Amino acid sequence: EEEEEEEEEEEEQEPEQAAPEPEPEVAVFEEEELGPINFNPEWQAIEHQVYVELCALRANPSGYSAKVEQLKQYYHEETQSFIVPGGVILSAQEGWAAYQECIDELRKTAPLPPLQYSRAATLAAMAGLTDQNKETPPRELLESYGVFSEELGSSVAQSLCFNQLLGQSIVLHLIIDDSYESRGNRRNLLSEEYQIVGISFNSITCNVVFASNYIPKSRLPEMPSPTVPDVFDYSLELNNTAFRQMTPDEVAHVVNNDVHKSAPAATADSQVIEVEFDGKPLQLTLLSPINETVEAADNNMILMLSHSAGHLTASLTSLQEDNVVINKGCLIQSKDGIAVVYACFPGPGAYKLSISADLVGEGVYTQVFDYKINATCGKQEAKEFPATFLQSHGVYVYSPKLGTIPYSQDEFCQFVVHANSPTAGIAVLSGEELMYLQEQKELPNVWAGKVKLSLGPCKISSNLQGTHYEVLGLTVLQ
């Protein structure tokens, strides 16, 4: 009986259950480890554009090929570049072949899974651009904001784009991958290996980081996420909201009324300066005024001279304040052997306007002579004429002429620029808008357009094979 009772007691005992495995702890991000993170709203807007463009590409690669194909109408064989008025410009070092190859590949590619936008990967991409001198590998940067799965394995890739300022042009640049034989950027964008992406834009550089089996840390800094539309548009988007074309008559009026064309002819009274440097002769003839001693009743003055030099520069010095050089007080442009100097005097007093020449076009300037100017004007703030590279880049600006441009919310500012070949394009950068002026078929090497400007700095840039060179800085004031 006792044995039976023991058996019954054993039957009533419930079997012991194994203890549940603890859930893996999520790593916590400590801001103190890396310092505070600064977000730029304008750059974030470009980052979001890039992400939406990536989503459109992967959702329908065949449809995206139509966008690439639309570029062909803007292709310039002689400069191997694409110039889209008010929009994107891309280089084509391989010619159209790389673009056609991209179109063919996209047409054969099936839709791909979307890439998840990752705050952690975006922070890692930002760190990569902030600490460019350290050249920290992308995987190491990602480990600062998340952890990789050891069981599943992981992979990381990075794509960099330079000198493109619109989300559309950044993705086009990467997917075409012109001049890169491996087409590594294209492989990254079309790979099924990665699940997440992080995007950072900084000034002129876009850093795109891809990763798989990556778990972000908790307590990461908050940041807005991109809004992805339900339906994608695969037409080539031209950035025309801040750009309007000028009519041929409008362009001709600006060119024909340019100040250098009103330069008077030399007279017997015109002062002539003849010098020789290293066996190379130089002649300057003063046209307006005709002497180097000048009286200026106004704060602004235009001086003209003819010359036989390659390039000229000018600098303004105040003689009543311990010879302070007013670096931003003058601008010089030269075309057809006529140099035009725009001088702005911040107040009354004695000034020296020095003219220097580069006789052989090698960037070595030698001072030739000085205008001696006595200004009787009132006081004003010095005009912003930043250092320029107009002549060395073969650029002459017909309009606008002032270093400062008055801001108008309702009006477009006319830009008319002459650019010698092989310049592939002339752009105006205002705020986050990069607008390419339109080449004028009626006037060789002239580019023009009406641009809606933002308050603050504005730049005119020339584009040579996809690389921007700032040739003139302007300031837009209220």
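**Exercise 1.** Which residue follows helix 8, and what is the sign of its phi?

*Solution.* The model is a predicted one. Helix 8 is followed by D177, and the phi of D177 is positive, near 60°.

**Exercise 2.** Determine whether helix 8 is largely enclosed or not, and list its buried residues.

*Solution.* Step 1: the buried residues of helix 8 are G167, Q168, S169, I170, V171, L172, L174, I175 and I176. Step 2: nine of the 10 residues of helix 8 are therefore buried, and the helix is largely enclosed by the rest of the structure.

**Exercise 3.** Classify N185 as buried or exposed, and identify its contacts.

*Solution.* Step 1: N185 is located in helix 9 (residues 184-189). Step 2: its relative accessibility is 13%; because buried means under 20%, N185 counts as buried. Step 3: when neighbours within four places in sequence are left aside, N185 contacts Q158, S159, L160, L174 and D177.

**Exercise 4.** Describe the sheet that contains strand 4, and state which helices pack on it.

*Solution.* Step 1: the sheet is open, with four strands in the order 4-7-8-6 and mixed pairing. Step 2: strand 4 (116-117) and strand 6 (156-162) each have a single partner strand, so these edge strands each leave one side without a neighbour in the sheet. Step 3: strand 4 pairs with strand 7 (residues 196-202) in the parallel sense over two bridges, and Y117 stands opposite V197 in strand 7. Step 4: helix 6 (residues 119-130) packs on the sheet, touching strand 4, strand 6, strand 7 and strand 8 (205-211), and its direction makes about 35° with that of strand 7. Step 5: helix 8 also packs on the sheet, touching strand 6, strand 7 and strand 8, with its direction at about 120° to that of strand 6.

Key:
Residues are numbered from 1 along each chain as its sequence is written. This is a predicted model: local features need pLDDT of at least 70, side-chain atom pairs count only at pLDDT 80 or more; totals for chains, interfaces and linings use all residues. Side-chain values use heavy atoms; hydrogens and water are left out. Buried means under 20% relative accessible area, exposed over 50%, partly exposed in between (1.4 Å probe, protein chains only). Contact means heavy atoms within 4.5 Å. Two strands pair if DSSP finds at least two bridges between them. Axes are lines fitted to C-alpha atoms, for helices over the stretch in contact, and angles run from 0 to 180 degrees between N-to-C directions.
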